[in-house]
Amino acid sequence: MARISWKEKKKNKDVLEEIGLKHTELLKTIKTRQLAYYGHIRRHQSLQKTIMEGKINGKRQRGRKRKSWLGNMKETTTRRINECCEVALNREEWRRTIASNLWQETEQR
């Protein structure tokens, strides 16, 4: 593994080329793992599921709204959240959703 210091001020693209990865491959891997983890959490009763689906009362500070985990899932899958929740309960169907989502993303690039 190449050790690259931040002081070298290299672009991310150059660093990824040095270690032999493409930027799109890295993003695809991240999105795949996020979707797989979401399906895993959705199928089990756990503290993570409670936290993910919970709402916090009160007012937010001004400024840009932060991205939520569920909002990110909605954006990645291009489906509504309640559809994602139902589909994630069926492991095989969720795997097909992940695969089709990544296939569409590959075609767009």
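**Exercise 1. Place the Arg 95–Glu 92 pair within helix α6 and give its geometry.**

Arg 95 and Glu 92 are three residues apart in helix α6, so about one helical turn separates them. Helices here are DSSP runs (H or I, at least four residues), numbered from the N terminus. The two side chains meet in a salt bridge, 3.6 Å from N to O. The criterion is a side-chain nitrogen of Lys or Arg within 4 Å of a carboxyl oxygen of Asp or Glu. Glu 92 is partly exposed, with a relative accessible area of 44%. Buried means under 20% relative accessible area, exposed over 50%, partly exposed in between (1.4 Å probe, protein chains only).

This is a predicted model: local features need pLDDT of at least 70, side-chain atom pairs count only at pLDDT 80 or more, and totals for chains, interfaces and linings use all residues. Residues are numbered from 1 along each chain as its sequence is written, and side-chain values use heavy atoms, leaving out hydrogens and water.

**Exercise 2. Trace the salt-bridge network that includes Lys 10.**

Start with the total: the structure holds four salt bridges. Next, take the partners of Lys 10. Glu 18 pairs with Lys 10, the closest N and O atoms being 2.5 Å apart. Glu 8 also pairs with Lys 10, with closest N and O atoms 3.6 Å apart. Glu 8, Lys 10 and Glu 18 are thus linked in a network of salt bridges. Finally, check exposure. Glu 8 is partly exposed at 41%, Lys 10 is partly exposed at 37%, and Glu 18 is partly exposed at 44%.

**Exercise 3. Classify the aromatic pair and locate its rings.**

Rings of Phe, Tyr and Trp (its six-membered ring) pair if their centres lie within 6.5 Å; planes under 30 degrees apart count as stacked, over 60 as edge-to-face, the rest as tilted. The count comes to one pair. The ring centres of Tyr 38 and Trp 94 are 5.6 Å apart and the planes are at 55°, so the pair is tilted. The pair links distant parts of the chain: Tyr 38 lies in helix α2 (residues 23–43), Trp 94 in helix α6 (residues 91–108), 56 residues apart. Tyr 38 is buried, with a relative accessible area of 1%. Trp 94 is buried, also with 1%.

**Exercise 4. Is Thr 76 buried or exposed, and what does Thr 76 contact?**

Locate the residue: Thr 76 is in helix α4 (residues 69–77). Thr 76 is buried, because its relative accessible area is 10%. Leave aside neighbours within four places in sequence; Thr 76 is then in contact (heavy atoms within 4.5 Å) with Lys 31, Leu 35 and Asn 101.

Conventions. Helix = DSSP H or I, 4+ residues; strand = E, 2+ residues; numbered from the N terminus.
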